[in-house]
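Dear colleague,

I am handing over the structure we spoke about, and I would be grateful if you could look through it before reading my notes. The sequence and the coordinates come directly below.

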Amino acid sequence: MEIGESNNISFSSEDLDFQNSENYHLSVEIQKKQLSFCLLDTEKLEYILLKSVKANNPDEILQLINNEEILKYNFFSSSVSYKSFPSTIVPNQLYDATKKEIYANFVIGEKPKIKTDIIHHADSTILYSVEENITNTLNQIQTEIKEKNSSTIAISSILNQYSELKERSCFLIKENNKIEIIVIQDNQLIFQNYFEVNSPTDVLYFTLFCFDQLKMNPNKNELYLSGNIEKGDETYSLLYDYIRNINFAELSEKLSFSKELQQIMKHQYFTLFSQLLCV
């Protein structure tokens, strides 16, 4: 285990052996200023490595990808999710693939290439855009890598994990200066959106705004947290002052971790660890 400066972290199992890399699955998560990835031993069905590195600015993300030697090994399989990039969701009953640029222009703006995922659990299509230099760089390193939007992973995982919830429930994913809020009810997606935040007060404002707009009761409906948030920190404490039922999102019981990775707060890497179940 290693913990570096500026919240850069690295956890690895003592059984990690890159001579056996072809037995591992690589999951990568890319944000504009952060690169995170983990390895799953496909024989033991156990996560054996987690690494997360932050960049000082968006221009450094390419350098982080190119400099990370672990990403260059030959793996059994690999996948990547793009997080906090511009996106919009369209119900499949309204979606027309020939008009995807029109849909995207409302939120994403004019971009050279629009990517799409089908969110099967929500019968919807998500449209999103990632800078081509990022996708091209990663595809040159891992030529068979499967791509997804992080919201596809989040929505699918939440609907699968929490299908028994009958009342409206809110899931808040906090990453750097953005939060993603997802609301479900009775195994249906009710709401999803991103908000830019600069303080814990901003997080509280947008969360309570969504509760109000969706007719949710802060004293009754549940809030599940994941991402860069911990029990007792300023954001958690402020939310707890106004919302009674707060929990941390839990990963699927199908996922297991080596003893070295068991000390990680799994909710902080909810979408990264859940990626394997959704690609």
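What follows is an account of what was found, going from the whole chain to its salt bridges and then to a few single residues.

Please keep in mind throughout that this is a predicted model.

**The chain as a whole**

The chain is made up of 7 helices and 15 strands. Its radius of gyration is 19 Å, close to the 19 Å that the globule rule gives for 279 residues, so the chain is as compact as a globular protein of that length. Taken along the principal axes, the C-alpha atoms fill a box of roughly 55 × 45 × 35 Å. Buried residues account for 50% of the 279 residues, and of the contacts with a separation of 6 or more, 61% are between residues 24 or more positions apart.

As for the surface, the chain exposes about 13900 Å², of which carbon and sulfur atoms supply 43%. There are 25 positive and 39 negative side chains, and the centres of these two sets lie 5 Å apart.

**Salt bridges**

Side chains of opposite charge can pair when their charged atoms come close. The structure holds 8 salt bridges, and three of the pairs are described here.

One of them joins the side chains of Lys 44 and Asp 15, with a distance of 3.2 Å from N to O. This pair links distant parts of the chain, 29 residues apart, since Lys 44 sits in the loop between β4 (34-41) and β5 (46-54) while Asp 15 sits in the loop between β2 (9-12) and β3 (24-31). Lys 44 is partly exposed, with a relative accessible area of 47%, and Asp 15 also counts as partly exposed, at 45%.

Another pair is Lys 83 with Glu 175, whose closest N and O atoms are 3.1 Å apart. Here too distant parts of the chain are linked, with Lys 83 in the loop between β6 and β7 and Glu 175 in strand β11 (residues 169-175), 92 residues apart. Are these two residues, Lys 83 and Glu 175, buried or exposed? Both Lys 83 and Glu 175 are buried. The pair also belongs to a wider arrangement, in that Glu 29, Lys 83 and Glu 175 are linked in a network of salt bridges.

In a further pair, the side chains of Glu 147 and Lys 115 meet at 3.1 Å, N to O. Glu 147 lies in strand β10 (residues 146-149) and Lys 115 in strand β8 (residues 115-119), so this salt bridge ties together parts that are 32 residues apart in sequence. The two partners fall into separate burial classes: the relative accessible area of Glu 147 is 24%, which makes Glu 147 partly exposed, whereas Lys 115, at 14%, counts as buried.

**A buried serine in a loop**

Ser 84 lies in the loop between β6 (77-82) and β7 (87-91). With a relative accessible area of 10%, Ser 84 is buried. Which residues does Ser 84 touch, not counting those up to four places away in sequence? They are Gln 31, Lys 178 and Tyr 194.

**Positive phi angles outside glycine**

Two loop residues may be of use to you when you go through the backbone torsions. Asp 123 has a phi near 50°, a positive value in a residue other than glycine; Asp 123 is found in the loop between β8 and β9 (124-128) and is exposed, with a relative accessible area of 51%. Lys 215, likewise not a glycine, has a positive phi of about 55°. Lys 215 lies in the loop between α5 (200-213) and β14 (223-227) and, at 75% relative accessibility, counts as exposed.

**Tyr 242**

Tyr 242 lies in helix α6 (residues 234-242) and is partly exposed, its relative accessible area being 46%. Leaving aside neighbours within four places in sequence, Tyr 242 is in contact with Leu 204, Leu 208 and Pro 218. From C-alpha to C-alpha, Tyr 242 and Asn 219 are 8.1 Å apart in space, and 23 residues separate them in sequence.

With kind regards

Definitions and conventions. Residues numbered from 1 in each chain as written. Predicted model: local features only at pLDDT ≥ 70, side-chain atom pairs only at ≥ 80, totals over all residues. Heavy atoms only, no water. Helix = DSSP H or I, 4+ residues; strand = E, 2+ residues; numbered from the N terminus. Buried < 20%, exposed > 50% of the residue type's maximum accessible area, 1.4 Å probe, protein only. Contact = heavy atoms within 4.5 Å. Rg over C-alpha atoms; globule rule 2.2 N^0.38 Å. Areas by Shrake-Rupley, 256 points an atom, 1.4 Å probe, with all protein chains shown as cover. Lys, Arg positive; Asp, Glu negative; His and termini not counted. Charge placed at Lys NZ, Arg CZ, Asp CG, Glu CD. Salt bridge = Lys/Arg side-chain N within 4 Å of Asp/Glu carboxyl O.
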